[in-house]
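Trainee: I am new to this structure and would like to take a close look at a single part of it. Could you walk me through that part slowly, step by step?

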Amino acid sequence: MLVLGIETTCDETACAVVRDGREILSNVIASQIDLHAPYGGVVPELACRSHIDLLPSVLKESLAQADLSIQDLDLISVAHGPGLIGALLIGLNMAKGLSLGANKPLIGVNHIEAHLYAPFMQTEIPLPTLGLVISGGHTALVVIEKIGCHRLIGQTQDDAIGEAFDKVAKLLGLPYPGGPEIEKLALEGDPLRYPFKMGKLKNRPYDFSFSGLKTAVLYLVKGQNCSKGSPLIISEADKKDVAASFQRAAFSDIVSKSLLVAKEHQCKSIVIGGGVSNNRNLRERFAEQDSFPVFWPEKGLSLDNGAMIAGLGYHHYLLRGSDSLDLQALPRIPL
Ligand code: KG4
Ligand code: ZN
């Protein structure tokens, strides 16, 4: 079955063609990072306009690379949430237009669930597995019984982990997106210099809170009584230790909660999805344990992409059939 996947949830315009949920025939991603970088974060209005400009050519390129026409496709899969409402609508309307015009079934998938599906495209993963989502907008732990069926166990109550990386990077004067910049800076820093502590949530042992950690970094680098434009009160060398210490605190929490939930739910493995999974230090932290095999997305599948949308759409179509043209864009769809 040949499935087209369309992804426009945030700042990547992406289309891919995937056969039977796994075989990637094309995976075209147009990143808008350079467009948003001067503003230190994604500007929704610019993202929407850029999706409109880029989507037709990204679609054409994905079909050309797969050597297919729209008529050859069997299903149109689209990420219909969560994400920026204007951005979602552009991908969704393109998907609906293609579905209607070419008379192909349409299916909407959850973008976050698709991040967790990405590693399933590369290899067999023993089930049940503990799914850890670590992206710019989400941090969540789910138990996946089978593809398309999962239970939410814990999630962030404030900032997502990627968002915390981006905000701390901004505080330190680093460019957007901040995650890779913090990782780079942390390589030369002392992770034990600043004993940052993670927020604890009463009676919610598997939930996350990153806003306290971010505030602790703010007070350290700008002082307790700082205001928005206050200058940094630490040296360039200290910045490296802040990055390393922040990263240590955030990842210790992620790793320990993942292992705890995986044990409690008798999972046979751990699968990780979302942009923060690119971080080498996190991969090393998980490699220090041998209780569970850990599965990571490959490079082209870790950031936002159409292949994971096409792949997951295939499974949902087999499980529940297609969606109607009334399919809605859902900026806050739960996992
Ligand atoms: O999954 P993603 O592409 O977009 C969302 O769906 O949110 O993730 C983007 C996030 C950004 O916050 C970015 O800073 C973070 O992933 N990120 C990283 C790294 N690479 C990307 N965070 C830490 N270390 C990295 N190497
Ligand atoms: Zn994403």
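Mentor: Let us look at helix α9, which spans residues 280–287, keeping in mind that the model is predicted. Which residues of α9 are buried? They are L282, R283, R285 and F286, and, seen down the axis of the helix, the buried residues of α9 fall within an arc of 160°, so they line one face of it. The general background is that an α-helix has 3.6 residues a turn, so residues three or four places apart point the same way. On the other side of α9 you will find R280 and A287, which are exposed, and here exposed stands for over 50% relative accessible area, whereas buried stands for under 20%.

What covers the buried residues of α9? The covering elements include the strand β6 (129–134) and the helix α8 (236–264), together with the strands β9 (269–273) and β10 (294–295), so that, if you follow the chain in the viewer, you can look for parts that come before α9 as well as a part that comes after it.

The N-terminal end of α9 deserves a careful look as well, since N279 caps it. In this cap, a side-chain oxygen of N279 lies 2.8 Å from the backbone nitrogen of N281. To put the picture together, α9 has one face lined by its buried residues, exposed residues R280 and A287 on the other side, and N279 as the cap at its N-terminal end.

Technical notes. Residues are numbered from 1 along each chain as its sequence is written. Chains are lettered from A and ligands numbered from 1 in the order in which they are written. This is a predicted model: local features need pLDDT of at least 70, side-chain atom pairs count only at pLDDT 80 or more; totals for chains, interfaces and linings use all residues. Side-chain values use heavy atoms; hydrogens and water are left out. Buried means under 20% relative accessible area, exposed over 50%, partly exposed in between (1.4 Å probe, protein chains only). Helices (H or I, at least four residues) and strands (E, at least two) are DSSP runs, numbered from the N terminus. The arc is that of the directions from the helix axis to the C-beta atoms. Contact means heavy atoms within 4.5 Å. A polar contact is a pair of N or O atoms within 3.5 Å; within protein, one must be able to donate a hydrogen and the other to accept it, and residues adjacent in sequence count only if both atoms are side-chain atoms.
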